Amino acid sequence: MGLLVMILGLVLFLGIHVLTSLRELRAGIVNAIGEGTYKIGYSLVSFAGLALIIWGFGHYRATGWIDVWTPPTAFEHIAVALMLPAVILVVAAYIRGRIYTTLKHPMLVGVKLWAFAHLLANGDLGSIILFGSFLGWAVYDRISLKRRADAGGPPIPVGGPTNDLIAIAVGVIVYLALAFAFHPVVIGVPVMGA
């Protein structure tokens, strides 16, 4: 049951995000219902999808775990190491500096690293579906960005190396909070030695 709920959540969450890449379809919907209504609907569908993913994955982990393979212990260490740049890159998407201008889409690179790291460290079916779906979406979205005529979002000013230092500092703080507070308390799994 949990796995099906999680998959429904993934369809909603990633589906609404794919809609953003379909610029003509998105424009038609915005013209029909208005920008504000579109943004409210987008937010509600995203939130509902995320809630279903979280609930479904938690329920699956508690009641229906399905092992596919057993990752070597070394993969846990690699995953922990990959998560630091992943978090810094997501932060750098909003505190824009040279990292942003070099990578163009550091959030998508961060999501790919996050998903790949979790695929390395987890060998169960639910994790493979969850993190594989996010990895697939991030790859798709990066390809679609190369083909779009517009950037999609409002421009955010780009700074210099100072912004990179801020992004790195904030990223390290967020990484530590995720590793030592969020992951073991909210997810219920310690970062190492689960």
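The following dialogue explains how to read several features of this predicted model.

Colleague: Let us begin with the overall fold. How many helices and strands are there in the protein?

Modeller: The predicted model has eight helices and zero strands. Read from the N terminus, the order of elements is therefore simply α-α-α-α-α-α-α-α.

Colleague: What does the radius of gyration say about the protein?

Modeller: One compares the value with the one expected for a compact globule of equal chain length. For 194 residues that expectation is near 16 Å, and the protein has 18 Å, which agrees. The C-alpha trace spans about 45 × 45 × 25 Å along its principal axes.

Colleague: Which share of the contacts joins residues 24 or more positions apart?

Modeller: Such pairs make up 76% of the contacts with a separation of 6 or more. As for burial, 35% of the 194 residues count as buried. The protein exposes about 10,800 Å², and carbon and sulfur atoms supply 73% of that area.

Colleague: I should like to take one helix in detail. How does the span of α3 compare with what its residues should give?

Modeller: The rule is a rise of 1.5 Å a residue. The 29 residues of α3 should span 42 Å, and the C-alpha atoms at its ends are 41 Å apart, which agrees.

Colleague: Which residues of α3 are buried, and what covers them?

Modeller: The buried residues are Y38, S46, G49, I53, G56, F57 and Y60. Their cover includes α1 (2-21), α2 (23-33) and α7 (125-147).

Colleague: Let us turn to charged side chains. How many salt bridges are there?

Modeller: A salt bridge is counted when a side-chain nitrogen of Lys or Arg lies within 4 Å of a carboxyl oxygen of Asp or Glu. By this rule the count comes to three.

Colleague: Which residues are linked in a network of salt bridges?

Modeller: The network links R26, E35 and K39. Between R26 and E35 the closest N and O atoms are 3.2 Å apart, while E35 and K39 meet at 3.8 Å, N to O. R26 is buried, at 16% relative accessible area, whereas E35 is partly exposed, at 34%.

Colleague: Why are E35 and K39 separated by about one helical turn?

Modeller: An α-helix has 3.6 residues a turn, so residues three or four places apart point the same way. In this case, E35 and K39 are four residues apart in helix α3, which means a separation of about one helical turn.

Colleague: There is also a salt bridge between D141 and R148. Are its partners buried or exposed?

Modeller: Both are buried: D141 has 9% relative accessibility, and R148 has a relative accessible area of 14%. Their closest N and O atoms are 2.9 Å apart.

Colleague: What is to be noted about the backbone of K104?

Modeller: Most residues other than glycine have a negative phi, and most peptide bonds are trans. K104 has a positive phi of about 70° although it is not a glycine. K104 lies in the loop between α5 (98-103) and α6 (106-121), and its relative accessible area of 52% makes it exposed.

Colleague: Glycines also deserve attention. Where is G64, and how far is its C-alpha atom from that of G126?

Modeller: G64 is placed in the loop between α3 (35-63) and α4 (73-92). The two C-alpha atoms are separated by 9.2 Å, although G64 and G126 are 62 residues apart along the chain. At 27% relative accessibility, G64 is partly exposed.

Colleague: With which residues is G132 in contact, leaving aside its neighbours within four places in sequence?

Modeller: G132, which is in helix α7, is in contact with L119 and S127. L119 is 13 residues away in sequence, with 7.0 Å between the C-alpha atoms of the pair. G132 is partly exposed, at 30% relative accessibility.

Colleague: Finally, which residues make the nonpolar surface patch?

Modeller: For a residue to belong to a patch, its relative accessible area must be over 30%. Here I166, V170, V174, L178, F182, V185 and V186 make a patch of about 550 Å². One of these residues, V186, is found in helix α8 (residues 161-187). V186 is exposed, with a relative accessible area of 55%.

Note on methods:
Residues numbered from 1 in each chain as written. Predicted model: local features only at pLDDT ≥ 70, side-chain atom pairs only at ≥ 80, totals over all residues. Heavy atoms only, no water. Patch = residues over 30% accessible without salt bridge, like charges linked within 9 Å, V, L, I, M, F, W, Y side chains within 5 Å. Areas by Shrake-Rupley, 256 points an atom, 1.4 Å probe, with all protein chains shown as cover. Helix = DSSP H or I, 4+ residues; strand = E, 2+ residues; numbered from the N terminus. Buried < 20%, exposed > 50% of the residue type's maximum accessible area, 1.4 Å probe, protein only. Expected span 1.5 Å × (residues − 1). Contact = heavy atoms within 4.5 Å. Rg over C-alpha atoms; globule rule 2.2 N^0.38 Å.
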